Structures are given as C-alpha cells and as structure tokens.
Amino acid sequence: MLDFVPSGDRVAYNTPKEINREIENRTDDSVFYHAAYPHQIDQRLHELEGEWDIERYLEANASTLMLVGTALGATTDRRWLLLPGAVAAFLLQHAVQGWCPPVSVFRRRGVRTKDEIFRERYALRALRGDFGGLEDLPADPPARATAVLMVLGE
C-alpha cells in the first residue's frame with residue numbers, strides 16, 4: 001500500500017534524511033543568528049522573498065532544456081528530440097511521485113521547498129514581533145530563537 005503524502009511534503013519525504021536535516025539546520029542557524037542580530041531581519045526577509053524554491057528551479061531548468069532540445073532537434077539532428085522527451089518524463093514523474101532525478105541534485109545543493117522557505121520567514125517575523133501572543137518570548141537571543149522554533153514545531 002502506498003503512503004499518502006500531502007503534495008507540499010513530497011519533495012522532503014523523498015529526500016534523504018541527512019539532506020533534510022542539513023537544510024533544516026541552515027534555517028535554524030539563520031533564526032539563531034537573527035535572534036542575536038535583529039536589525040538584520042528585514043534584509044534577510046527581503047532575501048527570502050527572492051529565493052527560488054525547488055519547483056521554480058525544476059520548471060526553469062526543464063523548460064530551458066526542452067527549448068534547447070527542440071531547437072537543436074529541428075535545426076541539427078533529430079536525436080536531440082530525445083532531450084525534451086526525457087525532460088517531459090522527469091516532469092511527469094515529479095508530478096506523480098514528488099521526485100525525479102534533478103530533485104536530488106538540487107536538494108544536495110540546498111534548494112528548499114516553498115514550505116521550508118516559509119518556515120524561516122515565519123520564524124524571522126515572529127522574532128521581529130509581527131504576531132500577537134508572542135510578547136513573552138525570552139530576551140536572551142538563543143532562548144528567544146529556541147522558543148520561536150518550538151512554536152513552529154521543532
């Protein structure tokens with residue numbers, strides 16, 4: 001029987017645990033850093049707005065390879081048409097399973113899912129004081145970061 005995995009979680013589910021942990025550690029490190037240097041939170045939030053998620057990387061790379069393969073197939077050698085066919089198969093595999101070979105490459109390079117990026121953004125906004133009910137966070141930066149991450153389900 002196949003496990004049901006919500007579509008937003010399929011990439012992380014199909015990524016080796018050690019890579020997921022590295023990505024999570026990078027997010028946690030950012031939260032701890034910004035708890036100590038809150039004046040830099042706005043700049044980091046701006047950076048996060050421009051960060052591409054795994055889906056955007058897949059779409060951009062797939063469309064580029066498909067266009068190149070089609071153009072080369074039409075102008076030089078028909079065998080180049082195998083490239084867009086292979087890319088289309090990978091995209092179908094990703095749509096159905098939440099994984100395809102390029103996902104492994106991107107994840108090893110630290111490319112995050114939309115939810116992983118959102119998690120960091122939400123934690124930084126909580127540190128900044130954007131949400132009600134979190135006024136009682138500790139003043140000590142490491143304790144403050146730990147409290148915010150616990151709220152997020154750490």
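Let me begin with a term: a residue counts as buried when its relative accessible area is under 20%, as exposed when it is over 50%, and as partly exposed in between. Please keep in mind that what we are looking at is a predicted model.

With that cut-off, Arg-128 is partly exposed, because its relative accessible area is 38%, and Asp-42, at 48%, falls in the partly exposed class too. The side chains of these two residues meet in a salt bridge, with 2.6 Å from N to O. Since Asp-42 sits in helix α3 and Arg-128 in helix α7, the pair ties together parts that are 86 residues apart in sequence.

A salt bridge within one helix is the one between Arg-44 and Glu-47, whose closest N and O atoms are 3.0 Å apart; both residues belong to helix α3, three residues apart, or about one turn of the helix. Here Arg-44 is buried, at 18%, whereas Glu-47 is partly exposed, at 40%. Both of them take part in a network of salt bridges that also links Arg-26, Glu-51, Arg-112 and Glu-120.

For Arg-107 and Glu-116, which form a salt bridge at 2.7 Å, N to O, both partners are buried. In total, the structure holds 13 salt bridges.

Let me turn, finally, to helix α2, which runs over residues 17–36 and reaches 29 Å from its first C-alpha to its last, close to the expected 28 Å. Its buried residues, among them Ile-19, Ile-23, Asp-28 and His-34, pack against α1, α3, α6, α7 and α8.

Terms used
Residues numbered from 1 in each chain as written. Predicted model: local features only at pLDDT ≥ 70, side-chain atom pairs only at ≥ 80, totals over all residues. Heavy atoms only, no water. Helix = DSSP H or I, 4+ residues; strand = E, 2+ residues; numbered from the N terminus. Expected span 1.5 Å × (residues − 1). Buried < 20%, exposed > 50% of the residue type's maximum accessible area, 1.4 Å probe, protein only. Contact = heavy atoms within 4.5 Å. Salt bridge = Lys/Arg side-chain N within 4 Å of Asp/Glu carboxyl O.
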